[in-house]
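Work through these exercises with the sequence and the model side by side. Try each task before reading its solution.

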Amino acid sequence: MMSVADYLKKRMEEDGGCCLILIDPFEQPPAEGARLAKAADKAGADAVLIGGSLGAQGEYLDATARAIKEAVSVPTVIFPSNVGAISRYVDAIYFMYMINSTTPYNITGAQIQGAPVIKKYGIEAIPMAYVVLEPGQTVGWVGNANLVPRNNPDVAAACALAGEYMGAKFVLTDSGSGAPSPAPLELVKAVKSAITVPYINAGGIKSPEQAYECIRNGADAVQIGTAIEKVKGMKAAAERMGKLVKAVKKAGKEKL
């Protein structure tokens with residue numbers, strides 16, 4: 001059976017880009033989260049991520065993860081905020097270390113505490129170097145990040161390369177959930193040119209045009225959450241996801 005990491009890499013290689021939809025368990029009841037996930041699956045999203053910077057753990061996480069896994073055919077992956085954000089009801093988890101955090105807990109501490117739990121649950125761990133960019137939003141504050149300046153692509157590229165050299169199988173840059181705008185395209189280009197592992201960009205991507213440009217300029221995947229959660233009504237959210245996925249796949253084909 002193909003691992004989730006290999007599945008994502010295959011989608012990136014064959015399609016030129018992936019669209020990953022993030023659902024925060026703390027933002028809606030589990031059944032509503034499952035409906036959003038099902039709509040994302042139907043729209044063509046490559047995977048459904050589950051997580052959030054505040055409150056996405058315990059009952060909220062387990063109930064939503066279980067409901068989503070039963071509702072979709074694509075892989076379900078935890079996007080963890082801390083050691084409490086682990087659920088047995090998913091296929092995989094980003095095993096992240098925030099490479100530009102100023103506190104050891106976010107680089108090694110939570111990982112040491114969480115590793116035995118992940119092994120016991122039997123879920124796949126995906127080694128992920130996590131780089132938080134300005135403005136950082138909630139995740140930057142919670143993670144005590146030394147935020148990478150938006151106007152300094154070289155620093156972002158160096159962080160990403162260090163993550164790869166430290167053994168990460170993927171690199172994720174994140175401007176923070178709800179950021180006013182996504183990372184500058186020059187920064188995206190610089191990160192991609194510095195590394196050989198797959199590159200995911202998140203934070204501030206609200207429109208199909210922004211998702212398109214991100215993929216066209218080097219990212220292998222975009223991770224989108226707030227742009228879906230803030231849409232009023234399931235029909236409108238489904239339409240937005242469809243447009244985002246279409247834009248990502250169009251950019252990916254052009255890039256191949």
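A residue is buried when its relative accessible area is under 20%, exposed when it is over 50%, and partly exposed in between. The model is predicted. Keep both points in mind throughout.

**Exercise 1. Find S175, decide whether S175 is buried or exposed, and list its contacts.**

Step 1. Locate the residue. S175 sits in the loop between β6 (170-174) and α7 (185-194).

Step 2. Apply the cut-off. S175 has 0% relative accessibility, so S175 is buried.

Step 3. List the contacts, leaving out residues up to four places away in sequence. S175 touches L133, E134, P135, G136, Q137, R150, S181, P182, A183, A202 and G203.

**Exercise 2. Two of those contacts, E134 and P135, share a peptide bond. Which form does this bond take, cis or trans?**

Step 1. Place P135. P135 lies in the loop between β5 (124-132) and α5.

Step 2. Read omega. The value is about 5 degrees, and the bond between E134 and P135 is cis.

Step 3. Set this against the general rule. Most peptide bonds are trans.

**Exercise 3. What sign does phi have in Q137 and in N144?**

Step 1. Recall the general rule. Most residues other than glycine have a negative phi.

Step 2. Take Q137. Its phi is near 55 degrees, a positive value. Q137 belongs to helix α5. Its relative accessible area is 31%, so Q137 is partly exposed.

Step 3. Take N144. Its phi is near 50 degrees, again a positive value. N144 is in the loop between α5 and α6 (153-165). At 37% relative accessibility, N144 counts as partly exposed.

**Exercise 4. Describe strand β1, its two faces and its partners.**

Step 1. Count the covered residues. In β1 (residues 18-23), six of six residues are buried.

Step 2. Separate the faces. C18, L20 and L22 point one way, while C19, I21 and I23 point the other way.

Step 3. Take one partner, β8. Four bridges join β1 to β8, and the two run parallel. Here C19 stands opposite V222.

Step 4. Take another partner, β2 (residues 47-50). β1 and β2 also run parallel, joined by four bridges. I23 stands opposite I50 in this pair.

Step 5. Check the faces of β2. A47 and L49 are on one side, V48 and I50 on the other, and all are buried.

**Exercise 5. Which residues have the most contacts inside the largest nonpolar core, and which helix gives the most to this core?**

Step 1. Get the size. The largest nonpolar core has 85 residues.

Step 2. Name the residues with the most contacts inside the core. They are L20, I21, Y94, L172, I200 and I224.

Step 3. Name the helix. α10 (residues 234-255) gives the most, with seven residues.

Step 4. Look closer at Y94. Leaving aside neighbours within four places in sequence, Y94 is in contact with L20, L49, V77, I78, F79, P80, I126, M128, L172, I200 and Q223.

**Exercise 6. Place L61 and describe its surroundings.**

Step 1. Find the element. L61 is part of helix α3 (residues 58-71).

Step 2. Judge the exposure. L61 has 1% relative accessibility and therefore counts as buried.

Step 3. List the contacts, not counting residues up to four places away in sequence. L61 touches P25, I50, A56, I78, G84, A85, I86 and S87.

Step 4. Compare sequence with space. L61 and R88 are 27 residues apart in sequence, and their C-alpha atoms are 10.0 Å apart.

**Exercise 7. How much space lies in the largest pocket, and what lines this pocket?**

Step 1. Start with the volume. The largest pocket holds about 850 Å³ of space.

Step 2. Find the centre. Of the 48 lining residues, the closest to the centre are G52, S53, F79, S81 and V139.

Step 3. Sort the lining by class. There are 24 nonpolar, 18 polar and six charged residues.

Step 4. Trace the elements. β4 (92-98), α4 (109-121), α5 (137-142), β8 (221-224) and α9 (226-229) each supply at least two lining residues. β4 gives the most, with six.

How values were computed. Residues are numbered from 1 along each chain as its sequence is written. This is a predicted model: local features need pLDDT of at least 70, side-chain atom pairs count only at pLDDT 80 or more; totals for chains, interfaces and linings use all residues. Side-chain values use heavy atoms; hydrogens and water are left out. On a 1 Å grid over the protein atoms alone, a cavity is a set of points where a 1.4 Å probe fits but cannot get out, and a pocket is an open set with protein on both sides within 12 Å along at least five of seven lines; lining residues have an atom within 4 Å of a point. Grid points are joined across faces, edges and corners, and a volume is the space filled by probe spheres set on the points. Ala, Val, Leu, Ile, Met, Phe, Trp, Tyr, Cys and Pro count as nonpolar, Asp, Glu, Lys and Arg as charged, and the others, Gly among them, as polar. A nonpolar core is a set of buried Ala, Val, Leu, Ile, Met, Phe, Trp, Tyr and Cys residues joined through side-chain atoms within 4.5 Å. Buried means under 20% relative accessible area, exposed over 50%, partly exposed in between (1.4 Å probe, protein chains only). Contact means heavy atoms within 4.5 Å. Two strands pair if DSSP finds at least two bridges between them.
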